[in-house]
Amino acid sequence: MMRNGMKKKEWFSTGSDLLDLVVGGGKGSGFPSGKIINIVGDKATAKTWIACEIIASSYYKHKEKLKWVYDDCESGFSFDTKRLYGIEIIPIDESKRYKSNTIQDLFCNIRAFLDSLKKNEIGIYVVDSLDGLSSEEIEELADKRYRAYKQGKKLEKGSYKMETAKFLSQEFFRTLADDFEDKNVLLIIISQIRYNIDVLSFEKYTRAGGKALDFYAYAVLWLAKLSTIDVRGNAIGTVIKAKTTKLKAPKPYRECVLSLLFDYGIDNIGSNIDFLYDLRGKRGDLLKASNNIEYEGKQFDRNSLIEYIEACEERVKELTKKVMEKWEKIEESIVVRRKRKYGMD
């Protein structure tokens, strides 16, 4: 325990060394507990995968101390996480699944989850996604419209979007931000956009939650698909660009490129090798250099180097170390070295 009765912060890894560096402000630890984070992207940009990786990596770190809820608001979850990670992230039994229908339902479900946690437990609550939620006001309006239709009447147009935005800003995020700050819990809100992101600019798109989510989120992580990974003409994965557009930590606006394999998850080793040797082009394509890599005095192509490193845990750790050293070297090269403005004699 820390002084003043505050709990020591836990850190939640994303399952990727590079992404941990991006969202941790260069610390390489991932997301801190007690925060609301927002993962944003179009379809096939690994939003759900990253949420699952956070849960899986946290489970194998904390075991039974970790409690989680994956609130499948859109009823779109179909991953076989038992085969991928050895655990059921969403119960196969649908009667045991969480599915909030309105933002008011979600608010109550999150509060109930927080209240259920014991003193020494650590928690993750995933909302997938905020876009799939209605509101009590909107559902009431829909019912009124249908009743008017059955009576042969036309209901005057109405909208409760402003009321929904007010609830999110004044009650939902404000209250939950305070509640999460006092606990070792991470709230992950997944947001869907309707159009493909221009991977060179994350500035033109919006998502559910709007300004309220922008204000209360500790981190906003945008994802964009760069390319598809093919084997003999069949898609087996995607290459993703990830960038923080908001981070309440040092070194925001960092980005990385990740490989995702559909039958495996985030390829941490492969992504690390790509970064260490600059093996991917701007659009995610593998460069010719991937066929001839020198590592520890030996020659490899990319696939054989992945197998070589993966076969030994010490090699995996050494690769992580090399990646962090390169990352810090880049950061060191761009530090602004100016005379301090204040406090200098």
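1. Arg254 and Glu331 form a salt bridge in this predicted model, with their closest N and O atoms 2.6 Å apart. The two residues lie 77 positions apart, so the pair links distant parts of the chain: Arg254 sits in the loop between strand 8 (234-247) and strand 9 (255-261), and Glu331 belongs to helix 10 (residues 313-333). Arg254 is partly exposed, with a relative accessible area of 22%. Glu331 counts as buried, at 7%.

2. Asp179 and Arg111 make another salt bridge, with an N to O distance of 3.2 Å. This pair also joins distant parts of the chain, since Asp179 is in helix 6 (residues 161-181) and Arg111 in helix 4 (residues 103-116), 68 residues apart. Both ends are partly exposed: Asp179 has a relative accessible area of 22%, and Arg111 has 31%.

3. The total number of salt bridges is 15. Among them is the pair of Asp80 and Arg83, whose closest N and O atoms are 3.9 Å apart. Asp80 is partly exposed at 41% relative accessibility. Lys9, Lys35 and Glu181 are joined in a network of salt bridges. In general, side chains of opposite charge can pair when their charged atoms come close.

4. Which charged residue is buried yet has no salt bridge? Asp17 fits that description, and the nearest side chain of opposite charge, that of Lys317, is 12 Å away. Asp17 is located in helix 1 (residues 17-23). Leaving out residues up to four places away in sequence, Asp17 touches Asn268, Asn272 and Thr320. A reader checking the charged residues may want to look at this one in the structure.

5. For the chain as a whole, there are 10 helices and 12 strands. The chain has 345 residues, of which 47% count as buried. Among contacts with a separation of 6 or more, 66% are between residues 24 or more positions apart. The exposed area is about 19,300 Å², and carbon and sulfur atoms supply 49% of it.

6. Helix 2 (residues 47-62) has 16 residues and spans 23 Å from its first C-alpha to its last, close to the 22 Å expected at 1.5 Å a residue. Because 13 of its 16 residues are buried, helix 2 is largely enclosed by the rest of the structure. Just after this helix, Lys63 has a positive phi of about 55°.

7. The largest nonpolar core contains 47 residues, and those with the most contacts inside it are Leu19, Tyr70 and Ile188. Helix 2 gives the most to this core, with 8 residues. Tyr70 has contacts beyond its neighbours within four places in sequence, including Thr48, Ala51, Cys52 and Ile55. Its other partners include Phe77, Ile89, Ile90, Tyr98, Val126, Asp128 and Ile190. A second, separate core has 31 residues, including Leu106, Val127, Leu213 and Ala217. As a general tendency, nonpolar side chains in soluble globular proteins are buried together.

8. Helix 4 has 14 residues and reaches 20 Å from its first C-alpha to its last, close to the 20 Å expected. Its buried residues include Ile103, Gln104, Leu106, Phe107, Ile110, Phe113 and Leu114. Of the residues of helix 4 already named, Leu106 is one of those in the second core, while Arg111 takes part in the salt bridge with Asp179.

9. Some backbone values deserve a look. Most residues other than glycine have a negative phi, and most peptide bonds are trans. The peptide bond from Asp128 to Ser129 is cis, with omega near 0°. Ser129 lies in the loop between strand 5 (122-128) and helix 5 (136-150). Asp128 is also one of the contacts of Tyr70.

10. Where are the residues Ala46 and Lys251 found? Ala46, with a positive phi near 75°, is in the loop between strand 3 (35-41) and helix 2. This residue counts as buried, at 8% relative accessibility. Lys251 has a positive phi near 65° and is in the loop between strand 8 and strand 9. Lys251 is partly exposed, with a relative accessible area of 28%. Arg254, from the first point, is in this loop as well.

Technical notes. Residues are numbered from 1 along each chain as its sequence is written. This is a predicted model: local features need pLDDT of at least 70, side-chain atom pairs count only at pLDDT 80 or more; totals for chains, interfaces and linings use all residues. Side-chain values use heavy atoms; hydrogens and water are left out. A salt bridge is a side-chain nitrogen of Lys or Arg within 4 Å of a carboxyl oxygen of Asp or Glu. Buried means under 20% relative accessible area, exposed over 50%, partly exposed in between (1.4 Å probe, protein chains only). Helices (H or I, at least four residues) and strands (E, at least two) are DSSP runs, numbered from the N terminus. Lys and Arg count as positive and Asp and Glu as negative; His and the chain ends are not counted. Contact means heavy atoms within 4.5 Å. Accessible areas come from the Shrake-Rupley method with a 1.4 Å probe; for residues, only the protein chains shown count as cover. The expected span of a helix is 1.5 Å times one less than its number of residues. A nonpolar core is a set of buried Ala, Val, Leu, Ile, Met, Phe, Trp, Tyr and Cys residues joined through side-chain atoms within 4.5 Å.
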